[in-house]
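These are my notebook entries on one protein chain. I looked up pockets, overall form, the nonpolar core and some backbone details.

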Amino acid sequence: MALTDSEPGCAGEDVCARGGGLGGFLEDAETRALIASLPRVQGDLTAREVATQRFLVIMDKYQEQPHLLDLHLEWMLNLLLEVIRSEKSPPALVHLGFKFLYIISKVRGHKVFLQLFPHEVCDVQPVLDLLCLQDPKDHETWETRYMLLLWLSMTCLIPFDLSRLDGHLVAEPGHSRVPVMDRILAVAKSYLIVSDKARDAAAVLVSKFVVRPDVKQKRLADFLDWSLSSMSAASGLTMETALLLDGMLQSLAQLFKHGKREDFLQYAPAVQQCLEHCRLADSEQTTLRKLGVKLVQRLGLTFLKPRVARWRYQRGSRSLAANLSQSAQPGGAGAESPAPTEEEDYDIPEEIENVIEQLLVGLKDKDTVVRWSAAKGIGRVTGRLPKELADEVVGSVLECFSFQETDSAWHGGCLALAELGRRGLLLPSRLTDVVPVILRALTYDEKRGACSVGSNVRDAACYVCWAFARAYEPEELLPFVSKIACALVIAAVFDRDVNCRRAASAAFQENVGRQGTFPHGIDILTAADYFSVGNRTNCYLTISVYVARFPEYTQPMIDHLVAMKINHWDGAIRELATKALHNLTPCAPEYMATTVLPKLLPMATGMDLHSRHGAILACAEITHALSELAAASDRKATDFLLADSVEGLRDIHQKIFDRQQYRGFGGELMRPAVCALIEKMSLSKMPYRNKLVISGWQWLIDDSLRSLHLFSSGARQSIKEAAVSALAALCQEYYQPTPGAADPTMQEELVSRYTTELQNPEVLTRCGCALALGALPRFMLQHKLQQVLQGLQKACRISDRDVSFAEARRDALRAISQVSATVGVSMQGSPDSVLCAANVPEIYSALLDCMGDYTTDSRGDVGAWVREAAMTSLMEVTFLLVRSDPGLLSPDICSRMLCSLVQQAAEKIDRYRAHAGSVFLRILHCQDPPVPHIPHREELLSIFPSDGAETLNWNAPSQAFPHVTQLLRLPAYQYRTLLGLCVSVGGLTESTVRYSAQSLFDHLKGIQQDNGEMVHFGDTLLQIFRDNLHNDRVSIPLLKMLDQMLANGCFDIFTTVENHRFCVELLALCKDEIKKSKDIQKLRSSISVFCGLIQFPGDVRKKVLFQLMLLLCHPFPVVRKTTASQVYEMLLTYDDVIDLAVLDDVMALLSDINWESDLATVRTHRNQLCDLLGIQKPTVVTKGPAP
């Protein structure tokens, strides 16, 4: 709800765009071309759909600013009507024209668009005839019927008696002549019960046609009788019943809206009685309930005489110019309401009581559209009532704001109050009753299960405040300004829902502009405007601090957070509220220490879980904020706190422990909350040293890290992070008897415990203890560094028992980096206290070994988490060493590190390729000082210049691989780059395969004629194959890559030599790879490679054919079939492989035989092929008896 005054329509085409809006109708020429193309495309279904969709796209752009079409509606209508009226236009073209008209009408609204339709006397008969020709059951042409009904409703406005149109009609022999009036009415009735949108247009037609003087005199009573009898006869919950009631209710509501009161007053009681009989309030159909409320309010307005209540409140002129002119006159500061005059006595019909009762019931409906309609009805009807009765209506509306009522009733009540205030029907004397209700509605939030309801109520309450700002003079609202301003600011800054924050901001802005009495209004609006309140975190942590600088808002904001937000059902809101309290503490430190904190302490040990969680976090944050204020003035936190508060904070953990509230679901909230409390108490230097509470806190941290596997997956991360942060702060404050020296007992106990737990059978316990070691302060690691590093390095290694513990290895790597940063570097230092020449190689060995972690389980490539952590840790440790002592980095370490990063940067997963590329470039371009011993530094800088490093998108294969493949030219990187490319080129992702393969082939084209380079490349490729034999992660993609390379002729230079070493060794490796393999994917890939190897001449060709013959009798039918198919294609491609004399027979055998049949049959045909090809027949090896 961010309401603004409606803007006038455009004055011309050249309108400047404001904000994100459009400046005018920009598709004039294209729209003309589309309409002109309709006769051409109407016969082609595809072209017709394209034209329609394009026109829809053009029109939909103007849904938010339909007035921009106004200058162009007339020519669009004329062009389309020209197509429709043409006698040469086939029915399909006519329907297409009406479809375009409907699209325009949908965007601009039929009320505006219809005014442009021709409505002369000569138009009545053609439109009516065309409408009668339509098939109401044709669901493809409903737009035609809809627009014709609307057009007919315009032609009915001609100021001539319709009987004149019947004067020259001659009845055909045997047929009676039907008057135009009856024909139109019959058409309208028939379309009131259809299932499509034509029903809405029929209701519009009825509302304009039946109220004509000539039709009203002859047919009004009959039509109402027909409508009421149809409604009375409708029974059951069928679709037909709902459609019938919908059409009847729409038409009756429109009639009572547009008809004269004196014509319809005599029928109103009967309609009301029929409406009560239908019991629409009990219907499940939202539309029917809405139409019922709409009709009820129209009946109420019919029962009451149309008059403007003289008692209503009037603020004065709404014109800015008029207000300015009045203020310029003496005593013209504001327009006074006219003096009340004695009202005329008039009777209120008895039916009005029933009308108002039904509208009040409508305010509590479960659907918003019904409540909104009822609220508008309350406003309209109340405006015609005497003052006393109107006040009773206001009192009835206020009864909606009981806490026994549902959120629907509160929402409807807010809408009704806004309508009453907007119309001047809520007198200032009632504001004392209304304002407190609205203030409660601004914070209405009812918990329902795991969530809450009430955002619509708060939004509507903002609308009430917006309406009041426009309705009342400043002096009327002056007594309530402070409360309303605070409530709106609180809603704008602290509401959970963005629409409510923006609604409150808009209402606050309206009050600042209209009332001018809100304290610091302009300043607050500058910070809390419509856009800035869109970010919830920004509202809580930044805007709130700015607003709280103004004393009028400070305490209400704090009180709201304590009363409404720290016990909120949403954990994110509770956490933000506590952080906001931390930020607001400097604005009111004394109030926080003496009032808020004593109020929170009982809540921190209360029974409600959410309140307890929020209160503990709030106590921690406020205490920490007070300690920061104290430190700024060289004081202690206890100087601000009451003695009872200090004791209360100390006892929170013990009380929760005694009640066993660390267990179960509640424990998932209590543990991170109390850990946060431990951290903040430690940072606040609370006087708890050597107290029993310290051992209790340490128990909680250790137990939380040990028991992570017992908690739900969503809570584990927050518990782990909170416990680790608490441990670091606790050690820093309470385990350091003298600066820089650790308590030896606690140091030994903690380091031994956590290093031992690194081998715990629970992976999450390993994770927690690894991070705990990483969080220990420097003095706790003195003389224990070797023990810690050895424990972490052991946790990084993969063993058969913990192969799937990827998370533990990841966190151990992170801990190694953190420990390294904590202890620092010294070339000649002790390896048990700092990083030095004795332990740096071991650290790099552990990190580089983890770069080869490709563990997979049911979750996928979990080893990627380890590789990512290893890359980050390598970068951090390297930068640490470079800044402190670059001499500790050996050439071997730098070479292995860069090669490992290059391999990761060439692999297939976008996220990890991007991370590797980023780390690689940061190390390459590091200048403070530069990383030493980088192989081929100058060549790398030419491939990856510093000015293009930031724009290179490693996530995009199209950008990454053209750069990566250039590293194949550098000998130091060729092996690792090609190893990474194997996985990408032979992968599954289409974009990765395409761009990596294209880049690789582009590189090979550049060296294809250089025999030395190709031999070196081939040797590298073969070495990769040897190193990864039977490693399916590499071997299968490698076979796929070899297939593509052979098919693209990458090794043509080798085909000039018989029995080239590359071909011979590749064949041997392929045979070894598939030996005893049952992997279908691997076997298929090897078949493709064998077929590609046939291009190499010499004895190797016979060996390749022999392998293919073996595969033709493979135990798996799918392998036999694939082999036959690919050998057939191979022989078509390489026609010099076999003698042309036997080619036809070989091809026939390959294509005609069912290679999926039994092995005995297949083997016979395979042997025939061997004879034809002149190769040795494979023999069946009989397995000997088991020893």
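I began with the second largest pocket, which 31 residues line; His110, Lys111, Gln254, Lys257 and Lys294 lie nearest its centre. I take a pocket, on a 1 Å grid over the protein atoms alone, as an open set of points where a 1.4 Å probe fits, with protein on both sides within 12 Å along at least five of seven lines; lining residues have an atom within 4 Å of a point. The space in this second largest pocket is about 760 Å³, a volume being the space filled by probe spheres set on the points, which are joined across faces, edges and corners. Helix 6 (110–113), helix 8 (142–155), helix 10 (198–209), helix 12 (239–258), helix 15 (286–303) and helix 18 (368–382) each give two or more residues to its lining. I sorted that lining by class and found 10 nonpolar, 9 polar and 12 charged residues. Here Ala, Val, Leu, Ile, Met, Phe, Trp, Tyr, Cys and Pro count as nonpolar, Asp, Glu, Lys and Arg as charged, and the others, Gly among them, as polar.

I note that the model is predicted: local features need pLDDT of at least 70, side-chain atom pairs count only at pLDDT 80 or more, and totals for chains, interfaces and linings use all residues. Residues are numbered from 1 along each chain as its sequence is written, and side-chain values use heavy atoms, with hydrogens and water left out.

I turned next to the largest pocket, with about 950 Å³ of space. Its lining has 23 residues, and Lys1076, Leu1110, Cys1113, His1114 and Pro1115 are the closest to its centre. By class I recorded 11 nonpolar, 4 polar and 8 charged residues in this lining.

For the overall form, I noted 57 helices and 2 strands in the protein chain; these are DSSP runs numbered from the N terminus, helices being H or I of at least four residues and strands E of at least two. The radius of gyration, taken over C-alpha atoms, is 42 Å, well over the 32 Å that the globule rule (2.2 Å times the number of residues to the power 0.38) gives for 1187 residues, so the chain is more spread out than a compact globule. Its C-alpha atoms fill a box of roughly 115 × 100 × 60 Å along the principal axes.

I then examined the largest nonpolar core, a set of buried Ala, Val, Leu, Ile, Met, Phe, Trp, Tyr and Cys residues joined through side-chain atoms within 4.5 Å. Of its 397 residues, Leu1021 and Phe1051 touch the most other members. Helix 24 (residues 481–494) gives the most to this core, with 12 residues.

Thr1020 is in helix 50 (residues 1011–1027). Is Thr1020 buried or exposed? I found Thr1020 buried, at a relative accessible area of 9%; buried means under 20%, exposed over 50%, and partly exposed in between (1.4 Å probe, protein chains only). Beyond four places in sequence, Thr1020 touches Gln974, Tyr975 and Leu978, contact meaning heavy atoms within 4.5 Å.

Last, I checked the backbone. Most residues other than glycine have a negative phi, and most peptide bonds are trans. A cis peptide bond joins Asp928 and Pro929, with omega about -15°. Pro929 lies in the loop between helix 44 (910–924) and helix 45 (937–943). I placed His933 in the loop between helix 44 and helix 45; its phi is near 60°, and His933 is partly exposed at 40%.
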